Amino acid sequence: MTTTAPRTELDIRPLAGHIGAEILGVDLREPLDPETLAEIRSTLLRWKVVFFRDQHLTQDQHIAFGSQFGEVTPAHPTLPPAFPDHPEILLLDNQAFGKAEAKDAGAKAKSMAPSIESRWHTDVTFVPNPPMGSILRGLVVPPYGGDTQWTNLVVAYEQLSAPLQRLCDELHAVHHNFLPISRGELSGALKKQFQSQDLRSVHPVVRVHPETGEKALFVNPNFTSHIVELSRAEGAHLLALLYEHLSSPTYTCRFHWEPGSIAFWDNRATCHLVPTDVPPGAHRSMQRITLAGDLPVGPDGSVSYSLSGEAFS
Ligand SMILES: O=C(O)CCC(=O)C(=O)O
């Protein structure tokens, strides 16, 4: 029989005006009782990203924690799993990336700079059913720097003027996993892996959140290629406007990592930004799992679909 940890009162501490809350008073190594599970889920829906500290989980415990909120997916649609025993876990390690780049260039890795250019993104939007959530665990963190930022795409939508909201409500966009590499920002080895399949999907520019009913912007500069109903020039201008808008500090929070910190974000309502200020030579090693998502639905009832590639689960 499975036992759950005794129920403790959660202490919920919002981090910024519109997004982010730290949750204290829970031990994530144990299965959660139904009330605690429901409270964490409702805090996630309210604050879009929740943080826990001092949670030194094993990989099995990381997966077990996530599986209480949904089906845990494979690590990534195209990147190979780093842990044969835990194919659900994606390794995000600046030294591992550095080595891949060095091997690729036939040179010794000197810099530990991130090899993927950092742009605001929602995870894996090139598949028809992007993950509902991602759970990132900090294992090795730099002594300073390396914070991650998130932005609230619901508030960003709500703060658009009504005519612009109406325009966005009607539009759909293509999302593609080839976008970063066409700009030459990934190392050769990572590029090849990331683009080993051509994955493209069409999503509404505004998605209706399946649990809260809120409308959220659903475009991101990492994977959104173009807007279906507009000319390329019109679409590029509109996307530039939306990207500038959604990255306004007003809608964001910033989280400073410690070993054992965990961030759990609602991938249906947020974008986030990989840090680019890790001090030279410092090691940063994170592990991520994702929870399977459903097909986004737009305000007009239109449902996302794939142009190339399968659903991700
Ligand atoms: O390393 C980070 O802080 C963010 C990682 C990230 O962007 C992701 O998991 O999608």
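## Strand pairing

In this predicted model, strand β7 (residues 172-176) and strand β8 (residues 200-204) run antiparallel and are joined by five bridges, and one residue of the pairing, His176, has Arg200 in β8 as its bridge partner.

Both strands belong to an open sheet of four strands, whose order is β11-β7-β8-β16 and whose pairing is antiparallel. Because β11 (224-227) and β16 stand at the edges with a single partner strand each, one side of each is left without a neighbour in the sheet. Neighbouring strands of this sheet are turned against each other by 30° on average, direction ignored.

## Aromatic pairs

Across the whole structure, 11 aromatic pairs are found. One of them is the edge-to-face pair of Phe51 and Trp150, with 5.2 Å centre to centre and 65° between the planes; the pair links distant parts of the chain, since Phe51 is in strand β3 (residues 49-52) and Trp150, 99 residues apart from it, is in strand β6 (residues 148-152). Phe51 and Trp150 are both buried.

Phe126 and Phe194 also form an edge-to-face pair, at 5.8 Å centre to centre and 75° between the planes. Phe126 lies in the loop between α3 (94-105) and β5 (133-140) and Phe194 in helix α7 (residues 188-194), so this pair ties together parts that are 68 residues apart in sequence. Phe126 counts as buried at 1% relative accessibility, and Phe194 is buried with a relative accessible area of 8%.

Ring pairs also link Phe51 and Trp150 with Phe255, Trp257 and Trp265 into a cluster.

## A nonpolar surface patch

Leu295, Val297 and Val303 make a nonpolar surface patch of about 200 Å². Val297 is found in the loop between β15 (285-291) and β16 (305-308), and Val297 counts as partly exposed because its relative accessibility is 32%.

Technical notes:
Residues are numbered from 1 along each chain as its sequence is written. This is a predicted model: local features need pLDDT of at least 70, side-chain atom pairs count only at pLDDT 80 or more; totals for chains, interfaces and linings use all residues. Side-chain values use heavy atoms; hydrogens and water are left out. Patches are made of residues with over 30% relative accessible area and no salt bridge: like charges are joined within 9 Å, nonpolar side chains (Val, Leu, Ile, Met, Phe, Trp, Tyr) within 5 Å. Accessible areas come from the Shrake-Rupley method with a 1.4 Å probe; for residues, only the protein chains shown count as cover. A salt bridge is a side-chain nitrogen of Lys or Arg within 4 Å of a carboxyl oxygen of Asp or Glu. Helices (H or I, at least four residues) and strands (E, at least two) are DSSP runs, numbered from the N terminus. Buried means under 20% relative accessible area, exposed over 50%, partly exposed in between (1.4 Å probe, protein chains only). Two strands pair if DSSP finds at least two bridges between them. Axes are lines fitted to C-alpha atoms, for helices over the stretch in contact, and angles run from 0 to 180 degrees between N-to-C directions. Rings of Phe, Tyr and Trp (its six-membered ring) pair if their centres lie within 6.5 Å; planes under 30 degrees apart count as stacked, over 60 as edge-to-face and the rest as tilted.
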